[in-house]
Every structure is written in C-alpha cells, then in structure tokens.
Amino acid sequence: MGHKSLPHTLDLKMFTKKGEYYCGRIPLSTMKRLSNFLANDNGFVQVSLFCGYDLTEFAFVKIEIETQVQFICQRCLQLFTMPIKSKSYLSPTRHDNEAKDLPDSYEPVMIQDNCIGVKDMVEDELILNIPSIPKHKQLDCKVLLEDENEKTADMHRKRPFAQLKKHFKGNDV
Ligand SMILES: [Zn+2]
C-alpha cells in the first residue's frame with residue numbers, strides 16, 4: 001500500500017473516505033516537552049498515520065509510533081534504553097464538550113483552524129507511553145544484582161558456623 005511522507009499538519013481536508021497513509025520520522029531533539037523526561041534526546045521516532053472515516057462516518061487518525069529512548073534508572077542511576085511502540089486511535093475534536101461525546105475507542109486530539117499539529121500529536125503519544133518513574137527491568141538493574149550478591153555473601157558467612165556447630169554437636173554425643 002502506498003503512503004505519503006509525514007506532513008507538518010493534518011488538515012481535515014486530508015481525511016478522505018478511502019483514507020490516507022503517511023509515514024516518516026521526527027528527531028526526538030525537536031520535542032522539548034518530551035526531552036524533559038529523557039536522559040538525552042538522541043534518535044528519531046518512526047511515525048505512521050492513517051487518517052480517514054470509520055463506518056459510522058467518524059473522522060479518525062490511527063497513529064503508530066516506534067522509537068527507543070534513554071532514561072536514567074531511578075533505582076541504580078545508570079543509563080538505560082527503553083523501546084516504545086504504540087498504536088492509538090484518535091479523533092479530531094474542537095473542544096472538551098466534543099471530546100466527551102467521543103466513542104470509547106477514540107482518544108481526542110485537538111484541532112485548531114481545521115488542522116492537527118503532527119509533531120505535537122506524536123509528542124503527546126510518546127509522553128503518554130513513558131513511565132512515571134523510569135527503572136530497569138529488575139533483572140537488568142545493578143541495585144538488585146548487588147542486593148542478591150550480598151545475600152549470597154551472607155549465606156556463605158553463616159554456613160561455616162553452622163558446620164562448626166554440627167561438628168561440636170557431633171563431638172558431644
Ligand atoms: Zn537500574
């Protein structure tokens with residue numbers, strides 16, 4: 001299926017009955033709100049959009065994003081990379097009242113002068129997908145590994161005494 005390159009804005013005129021595909025990538029460094037949450041703004045987000053009308057004549061945008069972002073782990077303070085991949089269905093909305101009337105399957109996306117800002121929409125999606133407290137997966141995190149090592153060390157420290165005890169008991173009998 002053919003697609004067009006990613007536009008800066010989606011005009012409602014670009015929504016057709018048949019629907020239209022747009023693909024492209026946006027540098028993370030252009031997203032200042034997102035950058036606040038990240039360890040750095042290296043890299044790109046891959047975006048594909050499909051805009052059209054559903055069977056009930058509802059205008060919608062299907063937005064798919066895929067990227068990798070870097071955080072500082074809040075447990076061990078080391079840098080780590082997290083993949084983000086998401087798919088959402090949005091519906092262009094002029095004000096909050098309209099947003100309340102949306103079917104459950106759609107999230108609102110605000111339009112101004114009949115246009116949706118593509119970068120803002122993508123940035124919002126990314127922010128929704130990042131964890132409030134970024135942390136490694138437990139197995140990858142240095143802090144937990146060190147805890148584990150300490151536990152094993154404790155066990156080794158205790159074991160000789162236990163064996164010593166056994167030894168003395170044996171002698172007592
Ligand atoms: Zn960690």
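Hi everyone, let me start in a loop: Glu57 sits between β4 and β5. Before I go on, please keep in mind that this is a predicted model. What is phi at Glu57? The value is near 70 degrees, so to speak on the positive side, and the residue is not a glycine. Is Glu57 buried or exposed? Glu57 counts as exposed, because there are 7 C-beta neighbours inside 10 Å, and the cut-off for exposed is 12 or fewer. The two strands on either side of this loop, β4 and β5, make a hairpin, with 5 residues between them.

There is another residue to put beside that one. Asn114 also isn't a glycine, and its phi is positive, about 65 degrees. You'll find Asn114 in the loop between β7 and β8, where β8 covers residues 115–117. Asn114 has 13 C-beta neighbours inside 10 Å, which means that it counts as partly exposed.

Okay, let's step back to the overall layout. The protein has 4 helices and 8 strands. If you walk along from the N terminus, the order is β-β-β-α-β-β-β-α-β-β-α-α. There are 173 residues, and 18% of them count as buried. For those of you who like contact maps: take the contacts between residues at least 6 apart in sequence, and 55% of them join residues at least 24 apart.

Now for the sheet. Which strands form it, and in what order? It is an open sheet of 6 strands, running β1-β3-β4-β5-β6-β7, with mixed pairing. At the edges are β1, residues 4–5, and β7, residues 107–110, and each of these pairs on one side only.

Let me zoom in on β4 and its partners. On one hand we have β3, residues 20–27, which runs antiparallel to β4 and is joined to it by 8 bridges. Within that pairing, Tyr22 stands opposite Leu49 of β4, and Gly24 has Val47 of β4 as its bridge partner. On the other hand we have β5, also antiparallel to β4, with 9 bridges joining the two. Leu49 turns up again here, standing opposite Ile63 in β5.

That brings us to the core. In general, nonpolar side chains in soluble globular proteins tend to be buried together. In this model, the largest nonpolar core has 24 residues, and the members that touch the most others are Val45, Val61 and Val122. Which elements each supply at least two residues of this core? They are β4, residues 44–53, β5, residues 59–72, and α3, residues 118–129. The strand β5 gives the most, with 6 residues.

Let's pick Val45 and look around. Setting aside neighbours within four places in sequence, Val45 is in contact with Arg25, Ile26, Leu28, Ile65, Thr67, Val122 and Leu126.

Last stop: Asp124, which is in helix α3. Why does Asp124 count as buried? The reason is that 20 other C-beta atoms lie within 10 Å of its own, and 20 or more is what the cut-off asks for. Asp124 and Leu34 are 90 residues apart along the chain, yet their C-alpha atoms are separated by 8.2 Å.

That's my tour, and I'm happy to go back to any of these residues on the screen. Thanks for listening!

Notes: Residues are numbered from 1 along each chain as its sequence is written. This is a predicted model: local features need pLDDT of at least 70, side-chain atom pairs count only at pLDDT 80 or more; totals for chains, interfaces and linings use all residues. A nonpolar core is a set of buried Ala, Val, Leu, Ile, Met, Phe, Trp, Tyr and Cys residues joined through C-beta atoms within 7 Å. Two residues are in contact if their C-beta atoms, placed from the backbone, lie within 7 Å. Two strands pair if DSSP finds at least two bridges between them.
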